[in-house]
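Q: Could we go through this structure together? I should like to begin with one helix and then turn to the whole chain.
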Amino acid sequence: MDAIKPRPRALARLRRGWWTAAHDKARQAAAGVLALTYPDDCRICYTRLTGFPPYPVCSSCLAPPAPLSAEAFCIQCHAPFQSEAVLDLDGRCRLCRSGQTHFDALYCVGAYDGRLRELIHLFKYSRMQRLGVPLGRFLRTGYPREAVFDAIVPMPIHFWRYQDRGFNQAEVLARAVAPLSGLPVEALVKRVKNTPRQAGLSGKQRRLNVRDAFAVPHPGRVRGKRILLIDDVLTTGASANACALALKQAGASTVSLLALARADRRIGMGPEAALALLQFV
Ligand SMILES: [Zn+2]
Ligand SMILES: [Zn+2]
């Protein structure tokens with residue numbers, strides 16, 4: 001007796017059944033591996049994650065940050081203030097008036113607070129380099145499209161910090177904004193002094209801490225150029241300022257800075273502390 005041959009449609013159904021089973025098994029295996037890597041909950045707000053998101057963070061926590069707002073900003077270093085009274089008639093703060101700010105313009109996306117701060121911490125300190133994709137997207141919104149630059153330069157980190165972290169967060173962000181300028185990312189400045197973390201130091205101590213921390217190995221590649229420095233966070237601005245000074249001393253014509261987040265030291269401060277902002281940077 002002839003065996004009953006399955007009809008083509010039945011064969012297709014059989015094949016599909018085999019594929020679906022194999023696919024389900026592969027998904028289960030991937031879920032097992034991902035479960036080891038990712039927690040079930042968003043690392044920021046602890047809501048349950050669904051599916052297999054590319055980051056261990058929920059979509060709400062990846063929403064673009066609110067722009068940094070303040071009653072008044074210094075026109076040069078963009079430091080936030082609670083009143084225009086601390087600015088001169090040109091709109092500059094005391095530090096910029098004293099000639100101690102070495103960058104010509106500063107652009108910033110949001111405040112270094114809340115969700116944005118948590119995302120940056122995961123990116124940098126938990127070494128989640130792939131978070132550079134959404135953070136790079138945020139940074140692109142702050143890119144000054146009206147300005148013209150000759151080079152996009154990431155804030156350098158010291159060799160030993162690079163070895164420890166595995167990447168320079170500023171370089172990852174610079175690669176996200178470079179296409180907007182049509183320029184390549186260039187490492188024109190190096191960090192030659194591995195300074196201790198700046199947290200807990202006063203503005204003056206920070207400035208001393210980063211003095212001579214930066215060097216320009218090939219001044220010829222910097223001379224006459226309009227440079228856009230890229231950084232993740234600006235706290236007091238002491239490091240960015242020292243880096244801008246090194247570039248200016250090497251002959252850069254202008255140095256601007258684009259940062260993802262700026263520490264807003266007005267948060268949670270009383271009037272006396274607000275006055276201390278006069279010592280900003
Ligand atoms: Zn979340
Ligand atoms: Zn200023």
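Q: What follows α8, and what is the sign of its phi?
A: α8 is followed by G251, whose phi is positive, near 110 degrees. Helices here are DSSP runs of H or I with at least four residues, strands are runs of E with at least two, and both are numbered from the N terminus.

Q: What kind of model is this?
A: This is a predicted model, in which local features need pLDDT of at least 70, side-chain atom pairs count only at pLDDT 80 or more, and totals for chains, interfaces and linings use all residues. Residues are numbered from 1 along each chain as its sequence is written, while chains are lettered from A and ligands numbered from 1 in the order in which they are written.

Q: Back to α8: is it enclosed or open?
A: Helix α8 is largely enclosed by the rest of the structure, because 10 of its 12 residues are buried. Buried means that 20 or more other C-beta atoms, placed from the backbone, lie within 10 Å of the residue's own (exposed: 12 or fewer; partly exposed: in between). Among the buried residues are N241, C243 and L245.

Q: How much of the protein is buried?
A: Buried residues form 33% of the 281 residues.

Q: Which elements have the lowest and highest mean pLDDT?
A: On this score, the predictor's confidence in each residue from 0 to 100, helix α9 (residues 271-276) has the lowest mean (41) and strand β4 (residues 151-154) the highest (98). Where pLDDT is low, the predicted coordinates should not be read in detail.

Q: And how many helices and strands are there?
A: The protein has nine helices and eight strands.
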